[in-house]
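Trainee: Please take a close look at one thing for me, the empty space enclosed in this model, and relate it to the elements around it. I would like one connected account rather than a list.

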Amino acid sequence: MTTFTASEISKNNTPRCLWIIYKGNVCDITDFYPSHPGGAALLKYAGKKSSLALQVLLNIAFTYSSIYFILMFIIFLYKAITLTYPVYIKVIEGLLIIEILPLEILKFSWARRGNLTETWAYLSLSMLLNILMGLICVYFMCCVLEYIILHFHQGKMSSEIVEDILQILDCKIGYCKYGSGPINILMIPGGVGCYKKDFPENVLNQFDPNLVTIVCIDPPGYGKSRPPDRKQSIQRCQLDAKYCLELMKVLKLEPFNAVGWSEGARTAIHVAGQGKDLVEHIVLIAASTKVDQRGAMVFKGMRNTNQWLPNAREVYLQHYSEDFIREQWAALCDLVSEVYEMLGGSFLAHNVLPQLQCPVLLMYGGQDRFVMDPKIISDRLKKCEVLFHAQANHDVHIKYPKWFAQNVYKFITKDEDSQK
(Lines give C-alpha, C1' and ligand atoms only; values in the text may rest on other atoms or scores of the structure.)
Protein backbone atom coordinates (compact mmCIF):
# COMPACT_ATOMS: atom_id res chain seq x y z
CA MET A 1 0.00 0.00 0.00
CA THR A 2 1.40 3.39 -1.01
CA THR A 3 1.62 5.99 1.75
CA PHE A 4 1.94 9.76 1.48
CA THR A 5 3.09 12.44 3.83
CA ALA A 6 0.92 15.44 4.59
CA SER A 7 3.34 17.73 2.75
CA GLU A 8 3.16 15.58 -0.39
CA ILE A 9 -0.63 15.65 -0.34
CA SER A 10 -0.79 19.41 0.24
CA LYS A 11 1.07 20.07 -3.02
CA ASN A 12 -1.81 18.55 -5.04
CA ASN A 13 -4.20 21.45 -4.55
CA THR A 14 -5.08 22.70 -8.04
CA PRO A 15 -7.94 21.87 -10.44
CA ARG A 16 -5.44 19.96 -12.58
CA CYS A 17 -4.31 17.76 -9.69
CA LEU A 18 -6.70 17.64 -6.78
CA TRP A 19 -6.23 15.33 -3.81
CA ILE A 20 -8.09 15.21 -0.50
CA ILE A 21 -7.97 13.05 2.61
CA TYR A 22 -11.28 11.31 3.29
CA LYS A 23 -11.75 8.75 6.10
CA GLY A 24 -7.98 8.15 6.30
CA ASN A 25 -7.57 7.53 2.58
CA VAL A 26 -5.99 9.76 -0.07
CA CYS A 27 -8.48 10.38 -2.88
CA ASP A 28 -7.63 11.79 -6.29
CA ILE A 29 -10.79 13.68 -7.31
CA THR A 30 -9.34 15.61 -10.23
CA ASP A 31 -11.80 14.05 -12.70
CA PHE A 32 -14.74 14.51 -10.33
CA TYR A 33 -14.00 18.16 -9.59
CA PRO A 34 -15.72 19.66 -12.71
CA SER A 35 -19.03 17.91 -11.91
CA HIS A 36 -18.97 18.42 -8.14
CA PRO A 37 -21.97 20.59 -7.09
CA GLY A 38 -19.71 22.54 -4.73
CA GLY A 39 -17.59 23.85 -7.55
CA ALA A 40 -14.71 26.06 -6.40
CA ALA A 41 -15.68 25.45 -2.75
CA LEU A 42 -14.06 22.05 -3.06
CA LEU A 43 -10.61 23.73 -3.49
CA LYS A 44 -10.75 24.87 0.13
CA TYR A 45 -10.12 21.25 1.16
CA ALA A 46 -7.59 20.42 -1.58
CA GLY A 47 -4.66 18.65 0.00
CA LYS A 48 -6.48 18.62 3.37
CA LYS A 49 -8.91 16.45 5.37
CA SER A 50 -12.53 16.52 4.24
CA SER A 51 -15.21 17.79 6.68
CA LEU A 52 -15.66 14.75 8.90
CA ALA A 53 -17.85 16.75 11.31
CA LEU A 54 -20.35 17.50 8.56
CA GLN A 55 -20.44 13.86 7.52
CA VAL A 56 -21.19 12.92 11.12
CA LEU A 57 -23.97 15.52 11.33
CA LEU A 58 -25.62 14.17 8.20
CA ASN A 59 -25.52 10.59 9.53
CA ILE A 60 -26.89 11.69 12.91
CA ALA A 61 -29.72 13.56 11.19
CA PHE A 62 -30.64 10.51 9.17
CA THR A 63 -30.56 8.23 12.24
CA TYR A 64 -32.60 10.68 14.31
CA SER A 65 -35.27 11.08 11.62
CA SER A 66 -35.61 7.33 11.19
CA ILE A 67 -36.08 6.81 14.93
CA TYR A 68 -38.49 9.75 15.06
CA PHE A 69 -40.76 8.34 12.36
CA ILE A 70 -40.73 4.87 13.90
CA LEU A 71 -41.77 6.35 17.28
CA MET A 72 -44.48 8.51 15.72
CA PHE A 73 -45.84 5.58 13.75
CA ILE A 74 -45.95 3.34 16.83
CA ILE A 75 -47.67 6.06 18.87
CA PHE A 76 -50.22 6.67 16.13
CA LEU A 77 -51.01 2.96 15.85
CA TYR A 78 -51.30 2.66 19.65
CA LYS A 79 -53.79 5.51 19.88
CA ALA A 80 -55.75 4.43 16.80
CA ILE A 81 -56.08 0.79 17.83
CA THR A 82 -56.24 0.72 21.62
CA LEU A 83 -57.85 4.04 22.53
CA THR A 84 -61.41 4.99 21.73
CA TYR A 85 -61.75 8.47 20.29
CA PRO A 86 -63.56 10.06 17.30
CA VAL A 87 -62.52 9.04 13.80
CA TYR A 88 -61.94 12.64 12.69
CA ILE A 89 -59.16 13.02 15.30
CA LYS A 90 -57.45 9.90 13.95
CA VAL A 91 -57.65 11.36 10.44
CA ILE A 92 -56.20 14.72 11.54
CA GLU A 93 -53.30 13.09 13.39
CA GLY A 94 -52.57 10.89 10.38
CA LEU A 95 -52.51 13.96 8.13
CA LEU A 96 -50.15 15.73 10.55
CA ILE A 97 -47.69 12.87 10.34
CA ILE A 98 -47.91 12.87 6.54
CA GLU A 99 -47.45 16.65 6.49
CA ILE A 100 -44.15 16.30 8.36
CA LEU A 101 -42.71 14.13 5.58
CA PRO A 102 -42.06 17.02 3.10
CA LEU A 103 -40.26 18.91 5.86
CA GLU A 104 -38.01 15.93 6.49
CA ILE A 105 -37.23 15.65 2.77
CA LEU A 106 -36.39 19.37 2.64
CA LYS A 107 -34.19 19.03 5.72
CA PHE A 108 -32.19 16.17 4.19
CA SER A 109 -31.90 18.02 0.90
CA TRP A 110 -30.40 21.06 2.62
CA ALA A 111 -28.13 18.87 4.77
CA ARG A 112 -26.80 16.94 1.78
CA ARG A 113 -26.30 20.05 -0.31
CA GLY A 114 -24.59 21.85 2.54
CA ASN A 115 -22.36 18.87 3.17
CA LEU A 116 -21.32 18.53 -0.46
CA THR A 117 -20.80 22.25 -1.05
CA GLU A 118 -19.46 22.96 2.45
CA THR A 119 -22.04 25.77 2.63
CA TRP A 120 -22.94 26.65 6.20
CA ALA A 121 -26.12 28.44 5.15
CA TYR A 122 -27.71 25.19 3.97
CA LEU A 123 -26.36 23.31 6.97
CA SER A 124 -27.73 25.93 9.34
CA LEU A 125 -31.19 25.75 7.76
CA SER A 126 -31.08 21.97 8.03
CA MET A 127 -30.10 22.18 11.70
CA LEU A 128 -32.93 24.64 12.37
CA LEU A 129 -35.37 22.15 10.86
CA ASN A 130 -33.75 19.48 13.02
CA ILE A 131 -34.46 21.54 16.11
CA LEU A 132 -38.03 22.22 14.92
CA MET A 133 -38.69 18.54 14.28
CA GLY A 134 -37.19 17.68 17.66
CA LEU A 135 -39.56 20.11 19.38
CA ILE A 136 -42.50 18.64 17.48
CA CYS A 137 -41.43 15.17 18.56
CA VAL A 138 -41.15 16.27 22.20
CA TYR A 139 -44.55 17.96 21.93
CA PHE A 140 -46.21 14.80 20.60
CA MET A 141 -44.54 12.67 23.24
CA CYS A 142 -45.69 15.03 26.00
CA CYS A 143 -49.24 15.04 24.62
CA VAL A 144 -49.33 11.26 24.56
CA LEU A 145 -47.83 11.02 28.05
CA GLU A 146 -50.33 13.54 29.38
CA TYR A 147 -53.21 11.72 27.70
CA ILE A 148 -52.14 8.37 29.13
CA ILE A 149 -51.77 9.82 32.65
CA LEU A 150 -55.14 11.58 32.50
CA HIS A 151 -56.74 8.57 30.86
CA PHE A 152 -55.46 6.31 33.64
CA HIS A 153 -56.33 8.75 36.44
CA GLN A 154 -59.78 9.72 35.19
CA GLY A 155 -60.46 6.23 33.93
CA LYS A 156 -59.67 4.79 37.33
CA MET A 157 -62.18 7.17 38.89
CA SER A 158 -64.86 7.22 36.20
CA SER A 159 -64.68 3.51 35.41
CA GLU A 160 -66.05 2.73 38.85
CA ILE A 161 -69.68 1.62 38.73
CA VAL A 162 -71.75 3.66 41.17
CA GLU A 163 -75.07 2.20 42.35
CA ASP A 164 -77.92 4.15 43.90
CA ILE A 165 -81.67 4.22 44.48
CA LEU A 166 -83.80 7.30 43.81
CA GLN A 167 -87.46 8.12 44.29
CA ILE A 168 -88.76 8.41 40.73
CA LEU A 169 -92.46 9.25 40.42
CA ASP A 170 -94.21 6.74 42.72
CA CYS A 171 -91.41 4.13 42.85
CA LYS A 172 -87.94 3.73 44.25
CA ILE A 173 -85.79 3.05 41.20
CA GLY A 174 -82.43 1.32 41.41
CA TYR A 175 -79.76 2.14 38.86
CA CYS A 176 -76.03 2.15 38.27
CA LYS A 177 -73.86 4.78 36.63
CA TYR A 178 -70.63 4.26 34.70
CA GLY A 179 -68.33 6.84 33.16
CA SER A 180 -68.35 10.64 33.07
CA GLY A 181 -68.16 11.41 29.36
CA PRO A 182 -70.25 13.82 27.27
CA ILE A 183 -72.33 11.13 25.54
CA ASN A 184 -75.26 9.96 27.68
CA ILE A 185 -76.60 6.42 27.30
CA LEU A 186 -79.53 4.75 29.06
CA MET A 187 -79.50 0.93 29.09
CA ILE A 188 -82.66 -1.05 29.79
CA PRO A 189 -82.57 -4.77 30.75
CA GLY A 190 -84.77 -7.55 29.41
CA GLY A 191 -87.60 -9.64 30.86
CA VAL A 192 -87.05 -10.94 34.40
CA GLY A 193 -83.70 -9.18 34.24
CA CYS A 194 -81.78 -6.47 36.02
CA TYR A 195 -78.84 -4.27 35.15
CA LYS A 196 -76.37 -6.52 36.96
CA LYS A 197 -77.44 -9.53 34.91
CA ASP A 198 -78.13 -7.94 31.51
CA PHE A 199 -75.45 -5.22 31.48
CA PRO A 200 -72.69 -6.63 33.70
CA GLU A 201 -69.42 -4.90 34.45
CA ASN A 202 -67.49 -6.62 31.64
CA VAL A 203 -69.94 -5.13 29.12
CA LEU A 204 -69.80 -1.59 30.53
CA ASN A 205 -66.00 -1.65 30.74
CA GLN A 206 -65.78 -1.99 26.97
CA PHE A 207 -66.88 1.66 26.73
CA ASP A 208 -64.38 4.46 27.33
CA PRO A 209 -65.54 6.07 30.62
CA ASN A 210 -64.12 9.42 29.51
CA LEU A 211 -66.35 9.48 26.44
CA VAL A 212 -69.67 8.16 27.74
CA THR A 213 -71.90 8.35 30.78
CA ILE A 214 -73.97 5.17 31.02
CA VAL A 215 -77.00 4.73 33.26
CA CYS A 216 -78.46 1.23 33.64
CA ILE A 217 -81.93 1.14 35.12
CA ASP A 218 -83.80 -1.57 36.96
CA PRO A 219 -87.41 -1.14 35.77
CA PRO A 220 -90.10 -1.15 38.49
CA GLY A 221 -90.40 -4.60 40.04
CA TYR A 222 -86.99 -5.83 38.84
CA GLY A 223 -83.59 -5.88 40.55
CA LYS A 224 -83.13 -3.10 43.08
CA SER A 225 -86.41 -1.43 42.10
CA ARG A 226 -88.25 -3.66 44.58
CA PRO A 227 -90.44 -4.00 46.50
CA PRO A 228 -93.02 -4.44 45.15
CA ASP A 229 -92.37 -7.22 42.67
CA ARG A 230 -93.22 -6.64 39.04
CA LYS A 231 -96.74 -7.01 37.78
CA GLN A 232 -96.68 -8.11 34.16
CA SER A 233 -99.16 -6.38 31.85
CA ILE A 234 -99.53 -5.47 28.20
CA GLN A 235 -98.85 -1.80 29.06
CA ARG A 236 -95.80 -2.61 31.22
CA CYS A 237 -93.10 -1.41 28.76
CA GLN A 238 -95.11 1.71 28.01
CA LEU A 239 -95.27 2.49 31.73
CA ASP A 240 -91.59 1.70 32.26
CA ALA A 241 -90.68 4.36 29.70
CA LYS A 242 -92.03 7.10 31.98
CA TYR A 243 -89.64 6.05 34.75
CA CYS A 244 -86.73 5.93 32.31
CA LEU A 245 -87.36 9.46 31.08
CA GLU A 246 -87.86 10.83 34.58
CA LEU A 247 -84.68 9.16 35.87
CA MET A 248 -82.55 10.74 33.12
CA LYS A 249 -84.22 14.08 33.85
CA VAL A 250 -83.47 13.86 37.59
CA LEU A 251 -79.85 12.89 36.83
CA LYS A 252 -79.62 15.82 34.39
CA LEU A 253 -78.37 13.58 31.60
CA GLU A 254 -80.47 14.89 28.73
CA PRO A 255 -80.43 14.44 25.81
CA PHE A 256 -79.44 10.79 25.75
CA ASN A 257 -79.29 7.60 23.69
CA ALA A 258 -81.47 4.62 24.60
CA VAL A 259 -80.22 1.01 24.47
CA GLY A 260 -82.63 -1.84 25.22
CA TRP A 261 -82.28 -5.61 25.21
CA SER A 262 -85.15 -8.02 24.46
CA GLU A 263 -88.14 -6.78 26.51
CA GLY A 264 -86.06 -3.69 27.28
CA ALA A 265 -85.89 -2.98 23.54
CA ARG A 266 -89.66 -2.51 23.49
CA THR A 267 -89.32 -0.15 26.45
CA ALA A 268 -86.62 1.79 24.54
CA ILE A 269 -89.07 2.24 21.66
CA HIS A 270 -91.62 3.74 24.05
CA VAL A 271 -88.91 5.94 25.60
CA ALA A 272 -88.11 7.40 22.18
CA GLY A 273 -91.80 7.75 21.34
CA GLN A 274 -92.60 9.62 24.56
CA GLY A 275 -89.39 11.67 24.63
CA LYS A 276 -89.00 12.62 20.98
CA ASP A 277 -86.86 15.68 21.71
CA LEU A 278 -84.73 13.93 24.33
CA VAL A 279 -83.63 10.71 22.62
CA GLU A 280 -80.93 11.09 19.96
CA HIS A 281 -80.41 7.44 18.94
CA ILE A 282 -81.89 4.05 19.81
CA VAL A 283 -80.09 0.71 19.86
CA LEU A 284 -82.39 -2.31 19.99
CA ILE A 285 -80.70 -5.61 20.87
CA ALA A 286 -82.54 -8.85 20.03
CA ALA A 287 -85.75 -6.86 19.61
CA SER A 288 -89.20 -8.21 18.74
CA THR A 289 -92.37 -6.15 18.45
CA LYS A 290 -94.48 -9.04 17.13
CA VAL A 291 -94.92 -12.68 18.05
CA ASP A 292 -96.16 -15.46 15.77
CA GLN A 293 -97.47 -18.94 16.55
CA ARG A 294 -93.95 -20.38 16.67
CA GLY A 295 -92.82 -17.71 19.13
CA ALA A 296 -95.87 -18.21 21.32
CA MET A 297 -95.13 -21.92 21.46
CA VAL A 298 -91.48 -21.27 22.36
CA PHE A 299 -92.50 -19.13 25.34
CA LYS A 300 -95.15 -21.63 26.36
CA GLY A 301 -92.46 -24.31 26.46
CA MET A 302 -90.31 -22.09 28.72
CA ARG A 303 -93.09 -21.32 31.20
CA ASN A 304 -92.06 -23.94 33.77
CA THR A 305 -88.60 -22.88 34.98
CA ASN A 306 -88.22 -26.17 36.90
CA GLN A 307 -87.66 -27.80 33.51
CA TRP A 308 -84.84 -25.47 32.53
CA LEU A 309 -81.27 -26.67 32.30
CA PRO A 310 -79.24 -25.88 35.46
CA ASN A 311 -76.88 -23.43 33.70
CA ALA A 312 -79.86 -21.49 32.28
CA ARG A 313 -81.40 -21.10 35.73
CA GLU A 314 -78.11 -20.27 37.42
CA VAL A 315 -77.84 -16.95 35.56
CA TYR A 316 -81.12 -15.81 37.15
CA LEU A 317 -80.50 -17.39 40.56
CA GLN A 318 -77.50 -15.10 41.05
CA HIS A 319 -79.98 -12.20 41.33
CA TYR A 320 -83.40 -13.64 42.21
CA SER A 321 -85.00 -16.35 44.33
CA GLU A 322 -86.47 -19.53 42.88
CA ASP A 323 -90.01 -18.32 43.64
CA PHE A 324 -89.48 -14.95 41.97
CA ILE A 325 -88.07 -16.54 38.79
CA ARG A 326 -90.86 -19.11 38.61
CA GLU A 327 -93.65 -16.59 39.13
CA GLN A 328 -92.25 -13.87 36.87
CA TRP A 329 -91.42 -16.20 33.97
CA ALA A 330 -94.86 -17.79 34.12
CA ALA A 331 -96.49 -14.35 34.08
CA LEU A 332 -94.27 -13.16 31.23
CA CYS A 333 -95.01 -16.24 29.09
CA ASP A 334 -98.74 -15.80 29.76
CA LEU A 335 -98.37 -12.19 28.62
CA VAL A 336 -96.79 -13.26 25.33
CA SER A 337 -99.66 -15.70 24.74
CA GLU A 338 -102.13 -12.92 25.49
CA VAL A 339 -100.47 -10.63 22.94
CA TYR A 340 -100.60 -13.36 20.32
CA GLU A 341 -104.19 -14.37 20.97
CA MET A 342 -105.82 -11.00 21.74
CA LEU A 343 -103.67 -8.41 19.91
CA GLY A 344 -102.89 -10.32 16.75
CA GLY A 345 -99.31 -10.85 17.86
CA SER A 346 -98.40 -7.13 17.99
CA PHE A 347 -96.93 -5.58 21.13
CA LEU A 348 -97.86 -1.94 21.75
CA ALA A 349 -94.33 -0.87 20.76
CA HIS A 350 -94.99 -2.10 17.21
CA ASN A 351 -97.40 0.77 16.58
CA VAL A 352 -94.93 3.33 17.94
CA LEU A 353 -92.22 2.46 15.38
CA PRO A 354 -93.50 4.72 12.53
CA GLN A 355 -93.54 7.70 14.92
CA LEU A 356 -89.82 7.50 15.70
CA GLN A 357 -87.70 10.29 14.20
CA CYS A 358 -84.27 9.36 15.56
CA PRO A 359 -81.89 6.83 13.95
CA VAL A 360 -82.28 3.22 15.10
CA LEU A 361 -79.71 0.41 15.17
CA LEU A 362 -80.99 -3.17 15.31
CA MET A 363 -78.47 -5.69 16.66
CA TYR A 364 -79.08 -9.43 16.39
CA GLY A 365 -77.34 -12.74 16.92
CA GLY A 366 -77.42 -14.98 13.90
CA GLN A 367 -78.38 -17.98 16.07
CA ASP A 368 -81.20 -16.24 17.97
CA ARG A 369 -84.37 -18.35 17.99
CA PHE A 370 -86.48 -15.88 19.96
CA VAL A 371 -86.80 -13.14 17.34
CA MET A 372 -88.72 -12.86 14.08
CA ASP A 373 -87.55 -11.32 10.80
CA PRO A 374 -85.88 -7.93 11.56
CA LYS A 375 -87.69 -6.49 8.51
CA ILE A 376 -90.85 -6.51 10.60
CA ILE A 377 -89.25 -3.67 12.58
CA SER A 378 -86.91 -2.07 10.03
CA ASP A 379 -89.63 -1.64 7.38
CA ARG A 380 -91.62 0.56 9.79
CA LEU A 381 -88.70 2.87 10.63
CA LYS A 382 -87.53 6.01 8.80
CA LYS A 383 -83.84 5.69 9.73
CA CYS A 384 -82.64 2.21 10.48
CA GLU A 385 -79.51 0.06 10.33
CA VAL A 386 -79.37 -3.69 10.95
CA LEU A 387 -76.29 -5.46 12.29
CA PHE A 388 -75.79 -9.21 12.76
CA HIS A 389 -73.19 -11.25 14.61
CA ALA A 390 -73.27 -14.62 12.89
CA GLN A 391 -72.12 -16.70 15.89
CA ALA A 392 -74.22 -14.99 18.57
CA ASN A 393 -77.50 -15.95 20.21
CA HIS A 394 -80.08 -13.86 22.04
CA ASP A 395 -77.50 -12.39 24.46
CA VAL A 396 -75.22 -11.07 21.70
CA HIS A 397 -74.05 -8.05 23.73
CA ILE A 398 -72.99 -10.20 26.71
CA LYS A 399 -71.14 -12.86 24.74
CA TYR A 400 -69.44 -10.33 22.44
CA PRO A 401 -69.15 -7.15 24.55
CA LYS A 402 -66.29 -5.54 22.60
CA TRP A 403 -68.12 -5.96 19.30
CA PHE A 404 -71.24 -4.56 20.94
CA ALA A 405 -69.55 -1.51 22.49
CA GLN A 406 -67.58 -0.59 19.38
CA ASN A 407 -70.64 -0.68 17.13
CA VAL A 408 -72.87 1.18 19.58
CA TYR A 409 -70.31 3.98 20.00
CA LYS A 410 -69.71 4.14 16.25
CA PHE A 411 -73.45 4.39 15.60
CA ILE A 412 -74.26 7.10 18.13
CA THR A 413 -71.26 9.26 17.10
CA LYS A 414 -71.69 8.83 13.34
CA ASP A 415 -73.65 12.07 12.87
CA GLU A 416 -71.13 14.01 14.96
CA ASP A 417 -68.18 12.69 12.94
CA SER A 418 -69.84 13.43 9.59
CA GLN A 419 -70.60 17.01 10.63
CA LYS A 420 -67.00 17.61 11.67
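Mentor: Before the lining can be described by class, the classes have to be fixed: Ala, Val, Leu, Ile, Met, Phe, Trp, Tyr, Cys and Pro are taken as nonpolar, Asp, Glu, Lys and Arg as charged, and the others, with Gly among them, as polar. Please also keep in mind throughout that this is a predicted model.

The count of cavities of 30 Å³ or more comes to three, and the largest of them has a volume of about 110 Å³. Its lining is made up of 14 residues, and those nearest the centre of this cavity are S233, I234, C237, R266 and F347. Sorted by class, the lining of the largest cavity holds eight nonpolar, three polar and three charged residues. At least two lining residues come from each of α7, α8, α11 and α12 (348-352).

To place α7, it helps to begin with the sheet. Eight strands form an open sheet in the order β4-β5-β7-β6-β8-β9-β10-β11, and their pairing is mixed. The edges are held by β4 (162-168) and β11 (384-389), and because each has a single partner strand, one side of each is left without a neighbour in the sheet. On average, neighbouring strands are turned by 20° against each other when direction is ignored. Helix α7 (residues 236-250) packs on this sheet, where it touches β4, β5 (171-178), β6 (183-188), β7 (212-217) and β8 (256-261), and its direction makes about 110° with that of β4. Thus α7 touches strands of the sheet and also supplies lining residues to the largest cavity.

The elements α8 and α11, which help to line the cavity, lead on to the open space of the model. The largest pocket has a volume of about 1,100 Å³. It is lined by 42 residues, of which W261, M302, Y316, F370 and H394 are the closest to its centre. Two or more residues of this lining come from each of α5 (195-198), α8 (263-274), α9 (293-301), α10 (310-317), α11 (322-342) and α14 (396-399), with α10 giving the most, at four residues. By class, the pocket lining has 19 nonpolar, 11 polar and 12 charged residues. Taken together, α8 and α11 each contribute to the lining of the largest cavity as well as to that of the largest pocket.

Conventions. Residues are numbered from 1 along each chain as its sequence is written. This is a predicted model: local features need pLDDT of at least 70, side-chain atom pairs count only at pLDDT 80 or more; totals for chains, interfaces and linings use all residues. Side-chain values use heavy atoms; hydrogens and water are left out. Two strands pair if DSSP finds at least two bridges between them. Axes are lines fitted to C-alpha atoms, for helices over the stretch in contact, and angles run from 0 to 180 degrees between N-to-C directions. Contact means heavy atoms within 4.5 Å. On a 1 Å grid over the protein atoms alone, a cavity is a set of points where a 1.4 Å probe fits but cannot get out, and a pocket is an open set with protein on both sides within 12 Å along at least five of seven lines; lining residues have an atom within 4 Å of a point. Grid points are joined across faces, edges and corners, and a volume is the space filled by probe spheres set on the points.
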